[in-house]
Amino acid sequence: MMLESGRMARTRGVGLIATAVVIFLLASFLLARQLIWTHFSQCQSIDELRHPTMWKGVSPAGLLSLGLAGSASATLLYVTSYAGTVTTLSLTLPDDDSAATTAATLETISNSTDCGPNPSWLTLDYSKNVLFCLDEGFTGPYGSVTSFYTDDDGTLTTLNKLDIIQGPVSIAEFGVGGHGLAIAHYSGSSVSVVGFTPEGNLTLVQNETYALDGPGPNPARQEAPHPHEAILDPTASFVLVPDLGADIVRVYQADAGTLALTPVASLTVAPGSGPRHGAFTVTPSATYFYLISELANVITGYEVLYSDDGTLGFDELFVVPTHGEETALPEGTGAAEILVSPDGKYLIASSRWENSFNITNFDPNNSTEIPSDPIITFSIDRATGNLTKVQEFPAGGSGPRHFSINADGNLLAVALQADGRVVIIDRDVETGELKDYLAYTNVEGELTTAIFREDYHTYY
C-alpha cells in the first residue's frame with residue numbers, strides 16, 4: 001500500500017513537471033511571436049517615415065522623425081549672417097530607439113557680433129580650436145579677419161582681429177602645420193595672405209591688387225576684378241582664386257614656410273562666364289578640378305597637369321550647365337557653391353534665384369508654400385572625371401549661397417541667403433541622393449556660410 005502510494009505521488013509529480021514545461025514553452029512561443037510582430041510593425045512605421053520626397057509640393061516630413069543609425073548625438077555648426085552675427089547652432093539627432101517619436105532639433109546656443117557688421121565667410125581649424133571669420137566691410141574702408149577660440153559648449157572667445165583690404169569673401173588655410181590664410185577679396189579686387197600663431201594672433205604677410213583694362217562682357221558684374229574664392233590644391237603647393245570679374249582663375253605657388261604667394265600662369269575661362277568657386281578631386285590616375293561659373297551657370301571640368309617647372313596646366317574636359325542639361329533659367333539666376341563629397345564620388349552644386357520648386361512650409365501653422373532653389377548632385381566617373389546628373393533637390397528655400405557637408409557625408413547644411421534659414425538635409429552616402437529635411441532654424445539676416453564643427457578632410 002505504501003509502495004503504491006509512492007508510485008502515485010511520483011506519477012503526479014512527473015505530470016505536474018510536464019504540464020509546467022508545456023505551459024512554459026507555450027508562453028515562450030506566444031511572447032516570441034509578439035516580439036517579432038512588434039519589431040516588424042516598428043520597422044514598417046519607421047520606413048514609412050522615410051518616404052521619398054517629391055519634386056513639387058515637397059513636405060518637410062523628416063522634421064517629425066527620422067531613424068538614424070547610432071546613438072543620440074549633438075553636433076555644433078557655425079553660421080554667418082550679414083546681420084552682423086556668428087551663430088553657434090546645436091544639431092541633435094535622435095537615436096534608433098526614439099527615432100519614431102522624437103524629432104531632430106537645431107537650436108541656437110551662442111551668438112557673437114565680434115566679427116563685424118558684414119560676416120561673409122568662416123574657416124575652422126579644428127585641430128587648433130580656432131575659427132576664422134571674414135567681414136566684408138560694406139560701409140568702411142576696410143574688411144577684417146577675426147580669430148575665435150571655439151569651446152566645446154559652443155561659445156566663441158575672440159582672440160585677435162586684423163583690418164585688411166575691403167571685401168574679403170573666402171579663406172584657404174595653408175602653410176606648414178596650417179599657419180597661413182590666403183584670402184580672396186571680391187570688392188577689393190585683391191588677394192592677400194595673413195599669418196597666424198597658435199594663440200590666434202594675426203599678421204598681414206602679403207597683398208596683391210588687380211585692375212582691368214576695361215569692363216568685361218557683363219559690365220554690371222565685370223567692371224573690375226572680383227576674386228571670389230581661395231582654394232588650396234591637393235598637393236598644398238598652389239592656391240587657386242576664381243576671379244568673377246576678370247574671367248580667369250588666378251594661380252599662385254604657395255610657399256609653405258614663408259607663406260609667400262607667387263603668381264604663375266592663370267587659367268583663362270570663357271568671356272562673360274564669371275568663375276565663382278571650384279573643387280578638386282584626386283583619383284589613382286588623375287587630378288580633376290571643377291569650376292562653377294556664376295554668370296554663365298555652367299560647370300567646367302579640367303584635368304590638372306603638374307609641370308616640372310612649378311606651374312599648373314589645365315586640360316578642359318567638358319562644359320555642362322549647372323542643371324546637367326540645357327534648361328531655361330529665369331533672368332538673374334546665379335550658380336553659387338560647389339563641392340566634392342568626402343568619398344570623392346559625387347559633385348554637389350547649388351543655384352540661386354530661380355525658385356524652381358515649391359515646398360511645404362516649415363511652419364506647420366502656415367499653409368503658404370515656400371519657393372525653393374535647387375541643389376544638384378552629379379556622380380563622378382573617377383576614370384575620366386566626367387559627370388552624370390543624379391538628382392535635383394529643393395534646398396529648403398531661396399538663395400542657397402553656401403552649403404557644407406559633414407565628414408561622414410550623410411548630412412548637408414544649407415545657408416539660405418534670402419530666407420534667413422539654415423536647413424539640415426539627410427543624404428544617402430551610397431547613392432549620393434538627398435532624401436529629406438531633418439531640421440531647420442531661422443537666423444536673422446542674409447546667411448552667408450554654414451559649417452560643421454568637425455575635423456573634415458577632403459578625399460584625395
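**Exercise 1. The core.** Of the 18 residues in the largest nonpolar core, which touch the most other members?

*Solution.* Keep in mind that this is a predicted model. Start with the residues themselves: Leu77, Leu91, Leu106, Leu411, Val422 and Ile424 touch the most other members of the core. Next, look at the strands behind the core: β1, β2 (85–93), β27 (411–416), β28 (421–427), β29 (434–442) and β30 (447–452) each supply at least two of its residues. Finally, zoom in on Leu411: beyond four places in sequence, the residues it touches include Leu91, Ile424, Leu438 and Phe452.

**Exercise 2. A serine in β1.** Work out whether Ser81 is buried or exposed, then find what its side chain reaches.

*Solution.* First, place the residue: Ser81 belongs to strand β1, which covers residues 73–81. Second, take its relative accessibility, which is 0%, so Ser81 counts as buried. Third, follow the side chain of Ser81 to the backbone oxygen of Glu444, at 2.5 Å. Lastly, list the surroundings: setting aside neighbours within four places in sequence, Ser81 contacts Pro119, Glu444, Gly445, Glu446, Leu447 and Thr448.

**Exercise 3. An open sheet.** Trace the order of the four strands in the open sheet that contains β4, and name the strands at its edges.

*Solution.* Begin with the order, which is β4-β5-β6-β7, with antiparallel pairing. Then check the ends: β4 (119–125) and β7 (156–165) each have a single partner strand, so one side of each lacks a neighbour in the sheet. From one strand to the next, the twist averages 20°. To finish, look at β6 (residues 142–150) and β7, antiparallel strands joined by nine bridges. One of the bridge pairs links Tyr142 with Ile165 in β7.

Terms used:
Residues numbered from 1 in each chain as written. Predicted model: local features only at pLDDT ≥ 70, side-chain atom pairs only at ≥ 80, totals over all residues. Heavy atoms only, no water. Buried < 20%, exposed > 50% of the residue type's maximum accessible area, 1.4 Å probe, protein only. Polar contact = N/O pair within 3.5 Å; in protein donor to acceptor, adjacent residues only side chain to side chain. Contact = heavy atoms within 4.5 Å. Core = buried A, V, L, I, M, F, W, Y, C linked by side-chain atoms within 4.5 Å. Pairing = 2+ DSSP bridges. Axes fitted to C-alpha atoms, helices over the stretch in contact; angles between N-to-C directions.
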